[in-house]
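Reader: Please take me through this structure and show, for each label applied to a residue or a pair, how the label is justified.

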Amino acid sequence: MSLQLRNIRLPLADFALETDAIFDQPITGIFGPSGAGKTSLLDLISGLRRPVAGAVQVDDKVIFDAADRLNVPPRLRRIGYVPQDLALFPHLKVRANLLYGYRPALIENELFTLGHVAEVMEITPLLERNVTTLSGGEQQRVAFARAILSAPRLLLLDEPMSSLDSRLKKRLIPFLLRIRDEFRIPLIYVTHDAGELVALCDEVLMLERGRLIGRGSPADVVA
Amino acid sequence: MTAEAWQIVFFTIEVSALSTLLILPLGVAVAWLIARREWAGKAVVETVVMLPLFVPPVATGLLLLMLFSRRGPLGSVLQRGFGWDIVFTWRAVVLACAVMSFPLLVRTAQAAFEGVSSRFEDIARTLGASEWRVFATISLPLATRGIVAGAVLAFARAMGEFGATAIVAGMIPRKTMTISLSIYQNIQLGHDAAALPLLFVSIGIVFITVLCGQIISTRKRPR
């Protein structure tokens, strides 16, 4: 899978997000300080925000092109998104959350079934629980599973572990690696935690005030 | 209380409930459009919706009388199309109650929709949900308590409606006479003692209704 952002311009409150980038690694990290435009970058990739210029392409399919007024809506992009606050639907049980985006028509193999995903994410015993009664780590895994079950071709993760302590983060990292290895879904992982970058990412792009100021291996960035 | 007084009480409850049910779908739709969409003329529509709160009720009643009389632009259409007479019938009572309580329903439902995190709706879209499905499965369920509270307030407002009803429906015994109209008429005729039971019943019904609305709207809601 390859995601290309070409000549993107998205005005934000204090600056504009302006970027050209190709994402073609299994897990690409986006690293930068708070307010650098990281969440806005994920929003425009998922289609939740619309740039004023540029184009977005996944493999050979253009999903946004300002010049051609082409804008594939989020529901048709097949780009999963786990936001910082997870946004689990509080009025639905775990099972209903997981099945919300379940699209059997898109499933090409048995990997993307409720039973298998719940087993891999170790949430099978939680299926009949209310999401509001889950612990932080459980909510995290339910959010990952919900996104996986929508059979995305790309998964965006916006600091999904920022509210967890370091012990819980270490326990969750293997689950993220399973998304890559078991389900073969490429990830774009936003964080400002250098430890998460090193543990997870194949490549890191550094973002500052809306501009990509560098890219390299996690070790290079941390150094 | 006399049999006639009880008839007035039940008639008032019936028309208040009917008017609330009739405005519910439109009120919820308008509230959602105001809370969640930007569109040309939105400020004008918001103002028009709020007008009955601030225009003298008798003026609203006069406007309804002009619109819905047999020769009025809307009344003539309803007469020709359905054979319905509006003014000085029970339908006029329902109409007056609906118009006067509409702003309370819309304001409360609008606040309820605004209280739902838009992130839930965004994530539902990335999970493949259409706009209608987002509304029906996310926005509406999460705003239900506020909408119910708005409906309860609208019902209470309809129970006490007087000015517009008096103009457009008159005070016709056993036909358009509500609690408010009956209390007023009894006082005008010097029958204060006959007005007292209606006064206490009216206070009792509205007290219980508003209390229910307060309890519903202040209950802790998952976000």
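Author: The model is predicted. A suitable starting point is Glu161(B), which has a relative accessible area of 2%.

Reader: Why is Glu161(B) called buried?

Author: A residue is buried when its relative accessible area is under 20%. Glu161(B) stands at 2% and therefore counts as buried.

Reader: What makes Arg157(B) and Glu161(B) a salt bridge?

Author: The cut-off is 4 Å between a side-chain nitrogen of Lys or Arg and a carboxyl oxygen of Asp or Glu. The side chains of Arg157(B) and Glu161(B) meet at 3.3 Å, N to O, so the pair qualifies. Arg157(B) itself has a relative accessible area of 24%, and is therefore partly exposed.

Reader: Which residues are joined into one network by salt bridges that share partners?

Author: That network consists of Asp43(A), Arg37(B), Arg119(B), Asp122(B), Arg125(B) and Glu131(B). One of its pairs is Glu131(B) with Arg125(B), whose side chains meet at 2.6 Å, N to O. Because this value is within 4 Å, the pair is a salt bridge.

Reader: Why are Glu131(B) and Arg125(B) given their accessibility classes?

Author: Arg125(B) has 14% relative accessibility, which is under 20%, so Arg125(B) counts as buried. Glu131(B) has 34%, which lies between 20% and 50%, so Glu131(B) counts as partly exposed.

Reader: How many salt bridges does the rule find across the interface of chain B and chain A?

Author: The rule finds one salt bridge there. Arg119(B) forms a salt bridge with Asp43(A), the closest N and O atoms being 2.9 Å apart. This value is within 4 Å, and the label therefore applies. Across the interface the rule also finds six residue pairs in polar contact, with both residues at pLDDT 80 or more.

Reader: Which elements give two or more residues to the side of chain B that touches chain A?

Author: They are helix H6 (118-126) and helix H7 (131-159) of chain B. The largest share, seven residues, comes from H6(B). By residue class, this side divides into ten nonpolar, four polar and five charged residues.

Reader: How many residues are in contact between the two chains, and what area do they bury?

Author: In total, 19 residues of chain B are in contact with 22 residues of chain A. The two chains bury about 1,700 Å² between them, 68% of it on carbon and sulfur atoms. In chain B, Arg119(B), Thr126(B) and Leu127(B) lose the most area to chain A, together 39% of what that side buries.

Reader: What makes the pair Lys38(A) and Glu159(A) a salt bridge?

Author: The closest N and O atoms of Lys38(A) and Glu159(A) are 4.0 Å apart, and the cut-off is 4 Å, so the pair is accepted. This pair links distant parts of the chain: Lys38(A) is in helix H1 (residues 38-46), and Glu159(A) is in the loop between strand S8 (154-158) and helix H6 (166-181) of chain A, 121 residues apart.

Reader: Why is each member of that pair classed as it is, buried or exposed?

Author: Lys38(A) has 5% relative accessibility, and is therefore buried under the 20% limit. Glu159(A) has 8%, so the same limit places Glu159(A) among the buried residues. Over all chains, the structure holds 20 salt bridges.

Reader: Where is Val72(A) found, and what does Val72(A) touch?

Author: Val72(A) is found in the loop between strand S6 (70-71) and helix H2 (74-77) of chain A. Not counting residues up to four places away in sequence, Val72(A) touches Val62(A), Ile63(A) and Arg77(A). Its relative accessibility is 13%, under 20%, so Val72(A) counts as buried.

Reader: Which residues touch the most other members of the largest nonpolar core?

Author: Of the 62 residues in this core, they are Leu44(A), Ile45(A), Ile188(A) and Phe113(B). H7(B) gives the most to this core, with eight residues. A second, separate core of 44 residues includes Ala118(A), Met121(A), Leu172(A) and Phe175(A).

Reader: How many helices and strands are there in chain B?

Author: Chain B has ten helices and zero strands. Of its 223 residues, 47% count as buried.

How values were computed
Residues numbered from 1 in each chain as written. Chains lettered and ligands numbered in written order. Predicted model: local features only at pLDDT ≥ 70, side-chain atom pairs only at ≥ 80, totals over all residues. Heavy atoms only, no water. Contact = heavy atoms within 4.5 Å. Buried area = accessible area lost by both parts, 1.4 Å probe. Polar contact = N/O pair within 3.5 Å; in protein donor to acceptor, adjacent residues only side chain to side chain. Helix = DSSP H or I, 4+ residues; strand = E, 2+ residues; numbered from the N terminus. Nonpolar A, V, L, I, M, F, W, Y, C, P; charged D, E, K, R; others polar. Buried < 20%, exposed > 50% of the residue type's maximum accessible area, 1.4 Å probe, protein only. Core = buried A, V, L, I, M, F, W, Y, C linked by side-chain atoms within 4.5 Å.
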